[in-house]
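Colleague: I'm new to this one and don't want the whole tour at once. Could you pick one part, take a close look at it, and then show me what surrounds it?

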Amino acid sequence: MSATVRTFRAPDSTAALAAVKAALGPDAILISTRTVQGGLFRRPEVEVTAAAGDALEAPVPRRGDGPSSPRGDRAPSATAPAAGDGQGEGRRPSGLAAYAAPRPVDDALASEVQLLRRSVEETRRALATVTREARAGRELEIPPAAAALHARLIARGVEPVLAEELVRQALQLTASPRAGGLEGAVRDLLGERLVPCRAPWLHDGRHALALIGPTGVGKTTTLAKIAARALLEAKKKVALLTVDTYRIGACDQLARYGEIMGIPALVARDRGELVQAYERVKDADLVLVDTAGRSSPEDVARQAELVRAIPKVQLHLVVSAATGALELSAVAERYRDLRPDRLLFSKLDEAAGPGAVLSAAVRIPRPVSCVADGQRVPEDLHALGAAELVDLALPPAPRTPQHEGA
Ligand SMILES: Nc1nc2c(ncn2[C@@H]2O[C@H](COP(=O)(O)OP(=O)(O)OP(=O)(O)O)[C@@H](O)[C@H]2O)c(=O)[nH]1
Ligand SMILES: [Mg+2]
C-alpha cells in the first residue's frame with residue numbers, strides 16, 4: 001500500500017479543507033491540522049496534512065462486526081484528524097465525512113488507533129525539530145547555512161528584520177569566494193555597526209562627558225563606575241556634576257559617590273550654574289556630567305541642550321540592553337535627533353538577548369564607549385574590543401565534540 005500524503009496551507013481551515021478535497025478527493029483522510037506562523041512579514045496560516053482516501057483502503061480484520069459495520073468498510077485510520085477527533089473512534093466511512101461524523105468501535109481497536117496516533121504525533125514533532133532551521137530558510141528562501149545563521153542571530157536577541165538583512169547582505173558578499181565564509185561576512189557586517197572606541201576613563205587630556213538616556217537605565221551608577229576607573233586605573237583627577245534636580249534623591253546619590261571617592265560632586269540647576277560649576281572644577285582631567293532620565297523627548301532635548309553649555313562635551317547615550325530589540329529601536333529613534341557622540345550599553349547581565357543592542361547601533365551609528373553588566377561599582381564596567389562587541393550579537397558557534405577531537 002503506498003499512501004499519497006500531502007500538506008496544504010491556506011489562510012483558514014475552510015480554505016485548507018477545500019484545497020484537500022480538490023486535490024485528494026472527498027475521501028481524503030486528514031492527518032493533522034495546525035496553525036503555522038507565516039514568517040517575518042506574512043500572517044499565520046492553517047496547515048493541513050492529508051492522505052488520499054485510497055491510501056488507506058486495506059481492509060482491517062475486525063472482531064464482532066455487527067450489521068451496522070459491514071466488511072469492506074474503510075479501515076479505521078491511525079491518522080485521524082488532529083482536531084475534533086472523538087476518543088475511541090475507529091471506523092471511518094469516508095475521509096472528510098468521517099471527520100464530521102465519527103462512529104464507535106471496540107476497545108482493542110480504539111487503543112491500537114490511539115497508539116498509532118501517538119506515534120504519528122511523535123514523528124511529526126521529531127520532524128518539526130529536525131527541520132526547524134530548514135523551515136526558517138525556506139520561509140526566507142535562503143540556503144540552509146544562512147538560515148542557521150539567521151536562527152543564531154534571532155536566538156541572540158537580534159531584531160528579526162536586522163537578522164534577515166544581515167544574512168541577505170552576507171549572501172551577496174559571499175557570492176564570490178571570501179575568507180571566513182558566510183559567518184565571517186555576517187561578523188564583518190556586524191563589526192561595521194558595533195564599533196569600539198577608547199574607554200572614557202583612558203581619554204587623553206582634559207575631557208568632559210555627559211550621560212543621557214531614558215529613566216533608570218543606570219546613568220548615575222555608570223557615571224560612578226567611570227569615575228572610579230579613571231581614579232584607580234588611569235590616576236586621573238575626576239569631578240562629578242549633575243543637572244538632575246528633577247528626581248528626589250538624585251543629587252544625594254551623586255554626592256554620596258563623590259564622598260566615597262573623595263572627589264567634588266556639584267549640582268547645577270541651569271545653564272549659568274553649570275558653566276560656573278565647570279569653571280570650579282577646571283583642574284579636573286575628567287569631568288563627568290549626570291542628567292535626569294526623562295520620558296518626554298522634549299525634556300531630554302532640553303537636558304542635552306543644557307549640558308552642551310560645557311565646551312566640547314561628549315554626549316554618551318546610555319541604553320539598557322535588557323529592554324529588548326523593539327524597545328531599543330524605539331529609544332534610538334527618540335534620541336537620534338540629540339546627535340549623541342557615543343553609545344553606552346548597560347544591564348547586559350539582565351539582557352535575555354544582548355544582540356538587541358544592534359537595534360540602537362544601526363539607528364545611531366556611533367562608537368560604543370563601554371558596556372555595563374551589573375550593579376557593582378566599578379567592576380561591572382568594560383571597554384569591549386571589536387570582536388567582543390560582535391560577539392554580543394553572534395558569539396562563536398559552540399564547538400561540537402567532533403571539532404574538539406580534530
Ligand atoms: N543589573 C544591572 N543593574 C544596573 C546596571 N547599571 C545600573 N543598574 C541598577 O539600575 C538601577 C538604576 O540605576 P541608576 O544609576 O540610578 O539609573 P539612572 O539612569 O541614573 O536613573 P534615573 O536618574 O532615575 O533616570 C539601580 O538599581 C542600579 O544599581 C547594570 O549594568 N546591570
Ligand atoms: Mg540618575
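Modeller: Sure, but one definition first: a residue is called buried under 20% relative accessible area, exposed over 50%, and partly exposed in between. Keep in mind, too, that this is a predicted model.

Let's look closely at the salt bridge between Arg 187 and Asp 391, whose closest N and O atoms are 2.9 Å apart. This pair links distant parts of the chain: Arg 187 sits in helix 7 (residues 181-193), Asp 391 sits in helix 14 (residues 386-393), and the two are 204 residues apart. How open are the partners? Asp 391 is partly exposed, because its relative accessibility of 23% falls between 20% and 50%. Arg 187, at 22%, counts as partly exposed for the same reason.

That pair belongs to a total of 17 salt bridges in the structure. Another one brings Asp 283 and Lys 237 together, with 2.8 Å between the closest N and O atoms. Asp 283 is in the loop between helix 10 (271-280) and strand 9 (286-290), while Lys 237 is in the loop between helix 8 (219-232) and strand 7 (238-242), so this bridge ties together parts 46 residues apart in sequence. With a relative accessible area of 46%, Lys 237 is partly exposed. Some salt bridges share partners, and in that way Arg 9, Arg 34, Glu 45 and Glu 47 are joined into one network.

For a bridge inside one helix, go to Glu 164 and Arg 168, where the closest N and O atoms are 3.0 Å apart. Both residues lie in helix 6 (residues 160-173), four residues apart, which is about one turn of the helix. Glu 164 has 10% relative accessibility, so it counts as buried. Arg 168 has a relative accessible area of 33%, so it is partly exposed.

Now for some strands. Strand 11 (residues 342-346) is mostly covered, with four of its five residues buried. Strand 10 (residues 314-320) runs parallel to strand 11, and five bridges join the two. In this pairing, Leu 317 has Leu 343 of strand 11 as its bridge partner. Leu 343 also has a bridge partner in strand 12, namely Val 368. Strand 11 and strand 12 (residues 368-372) are parallel as well, paired over three bridges. To get from strand 11 to strand 12, the chain passes through helix 13 (residues 357-363), in a right-handed β-α-β crossover. Strand 10, helix 12 (residues 325-335) and strand 11 also make a right-handed β-α-β unit.

One more sheet is worth a visit. It is an open sheet of three strands in the order 1-3-2, with antiparallel pairing. At its edges are strand 1 (5-10) and strand 2 (29-36), each pairing on one side only. Direction ignored, neighbouring strands here are turned by 20° against each other on average. Seven bridges pair strand 2 with strand 3 (residues 45-51) in the antiparallel sense, and Thr 33 has Val 48 of strand 3 as its bridge partner. Helix 1 (residues 13-24) packs on this sheet and touches strand 1, strand 2 and strand 3, with its direction at about 145° to that of strand 1.

Definitions and conventions: Residues numbered from 1 in each chain as written. Chains lettered and ligands numbered in written order. Predicted model: local features only at pLDDT ≥ 70, side-chain atom pairs only at ≥ 80, totals over all residues. Heavy atoms only, no water. Salt bridge = Lys/Arg side-chain N within 4 Å of Asp/Glu carboxyl O. Buried < 20%, exposed > 50% of the residue type's maximum accessible area, 1.4 Å probe, protein only. Pairing = 2+ DSSP bridges. Right-handed = clockwise from strand over helix to strand, strands pointing away. Axes fitted to C-alpha atoms, helices over the stretch in contact; angles between N-to-C directions. Contact = heavy atoms within 4.5 Å.
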